[in-house]
Amino acid sequence: DNLFSLSHSMSNISSEIPFILKDKKILKKWMEVPVFVVANGPSLDANIQFLKCNQDRIIILACGTAISSLYKSGINADIYVATERVDVVPKSLLGIDPAYLKKTIFLSTDVVHPDCHSFFEKIALMLKADEAMYALLQANTNIPSLYQGITHVNPLVGNIGLSMPLHLGFKNIYLVGLDNGFKSQDHHHSRYSLYYGDDGKPKEEFKYMVLAQGDDIVSANFGGDIKTNKLFSSSISMLEAVIKLFPDANIFNCSDGAKITGAKPLYINGINLSEKSIMNKNDLLNSIIDEMSAPIAVSKEKIDIFFDRPFFDYFMEKLKDEWRSVPETRFSLIQMMQKQTDYLNSIADSQQRHISYVLSGTLNSIYAMISTSAYSVDDEKMAIEIVKKQVPLIIEFFDIMKETYKRGLDYVQGRHL
């Protein structure tokens, strides 16, 4: 996953796509413009008509697959955001008229899949501040001091939907269809979305997806409770965290979904836009690309030097050498894995800190598997023997990681196999 992020970022930078510059905000005259962040939750269906009637007076920002719901409803999305790095994102756009997308500005992060570019004429990205490429650039260049980093864009696309306009400087933001839950298992997304057929019934292939399941109960935005799950709950936490970072912004939650602390509950029919004149949005939207953004001037050859394959190989060989002598007790085994984790923590403070991003999840998964094996039986000697039998596979995996890392700047998801 982190190699995908590195290669996607490298591809996006090499394509000379403009990135939002540090401390650049929209002009003061546009900060109060209402931005409607439209996600694809079930309550979007009840608010479609309001968006359709008022689309010339507001900025409409579509989160991920919500753009398909807006397209089907005859509503123009001014901005489209995506946060996932997999090629499902560009593939989800294939059913939309190319002329429709050409009028929409695409905003995302540097790790988004490079295939997204071909659908849009106007694109700007932000550096995702908690990724391997940002760590690499921070340790070796002054680029993070020149370009805007963005946080709180995960785990779901609604998170970047709120974080992006806040980082751009908008002050009045309305959340629509950002439900983070549902009241009925059969109505987990907007019925206008690609998850439903023309008959309004959920398509069989999406019926049991993660975001259609929910066993947790949380407080609802307009009172009562709503069904949710761990992923939605994590999204809510991140939404609440980013709201705290922008205390001067007014965030209104118009979604009939989960409560979001810091966002004021507001029924959409209580919003009066009749006094707002029809907007000429072009100047505002074009300024994001033309005045707030610029390509990042760094070559792939330069990044390749910072990538430091020799150090990665050295570290893999060190781990392999240690695993060739498995300790004879569980306690010593855990100590060895802790020592290797400490190596990674030291790397996180070094010039090669991006490597700690690349390896942390992988090593934690391996160590969790080994720990499970070590405690799978009561007899300690037998348990250690079970671990020893896994060592050839562990060493082989480290060798595979060495070979994979060599391609780490050309490891675009979907083309990597």
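Modeller: In this predicted model, a residue is called buried when its relative accessible area is under 20%, and by that cut-off both Tyr-174 and Phe-252 are buried.

Biologist: How do you know that Phe-4 is buried?

Modeller: Phe-4 has a relative accessible area of 14%, and because the limit is under 20%, Phe-4 counts as buried. Tyr-411 is likewise assigned to the buried class, with a relative accessibility of 15%.

Biologist: The structure holds 13 aromatic pairs; what makes the pair of Phe-4 and Tyr-411 a stacked one?

Modeller: Two rings pair if their centres lie within 6.5 Å, and planes under 30 degrees apart count as stacked. The centres of the Phe-4 and Tyr-411 rings are 5.4 Å apart and their planes stand at 20 degrees, so the pair meets both conditions and is stacked.

Biologist: Why is this pair said to tie together parts of the chain?

Modeller: Phe-4 belongs to helix α1 (residues 2-14), whereas Tyr-411 sits in the segment after α15 (380-406), so the pair joins parts that are 407 residues apart in sequence.

Biologist: Why are Tyr-174 and Phe-252 called stacked as well?

Modeller: Their ring centres are 4.9 Å apart and their planes are at 20 degrees, which falls under the 30 degrees required, so this pair too is stacked. Because Tyr-174 lies in strand β8 (residues 172-176) and Phe-252 in strand β11 (residues 250-253), the pair ties together parts that are 78 residues apart in sequence. Tyr-174 and Phe-252 also form one aromatic cluster with Phe-36 and Phe-50.

Biologist: What makes helix α8 largely enclosed by the rest of the structure?

Modeller: Of the 12 residues of α8, 12 are buried, so the helix is largely enclosed; among them are Asn-159, Ser-163, Pro-165 and His-167.

Biologist: How do you know that the span of α8 is close to the one expected?

Modeller: Helix α8 (residues 157-168) reaches 17 Å from its first C-alpha to its last, and the expected value at 1.5 Å a residue is 16 Å. The helix is followed by Gly-169, whose phi is positive, near 110 degrees.

Biologist: Which residues have the most contacts inside the largest nonpolar core?

Modeller: That core has 85 residues, and those with the most contacts inside it are Phe-36, Leu-51, Trp-323, Leu-333 and Leu-359. Leaving aside residues up to four places away in sequence, Leu-359 touches Phe-312, Phe-315, Met-316, Leu-344 and Met-401. Apart from the largest core lies another, of 41 residues, including Ile-79, Ala-124, Leu-162 and Leu-175.

How values were computed:
Residues are numbered from 1 along each chain as its sequence is written. This is a predicted model: local features need pLDDT of at least 70, side-chain atom pairs count only at pLDDT 80 or more; totals for chains, interfaces and linings use all residues. Side-chain values use heavy atoms; hydrogens and water are left out. A nonpolar core is a set of buried Ala, Val, Leu, Ile, Met, Phe, Trp, Tyr and Cys residues joined through side-chain atoms within 4.5 Å. Buried means under 20% relative accessible area, exposed over 50%, partly exposed in between (1.4 Å probe, protein chains only). Contact means heavy atoms within 4.5 Å. Rings of Phe, Tyr and Trp (its six-membered ring) pair if their centres lie within 6.5 Å; planes under 30 degrees apart count as stacked, over 60 as edge-to-face and the rest as tilted. Helices (H or I, at least four residues) and strands (E, at least two) are DSSP runs, numbered from the N terminus. The expected span of a helix is 1.5 Å times one less than its number of residues.
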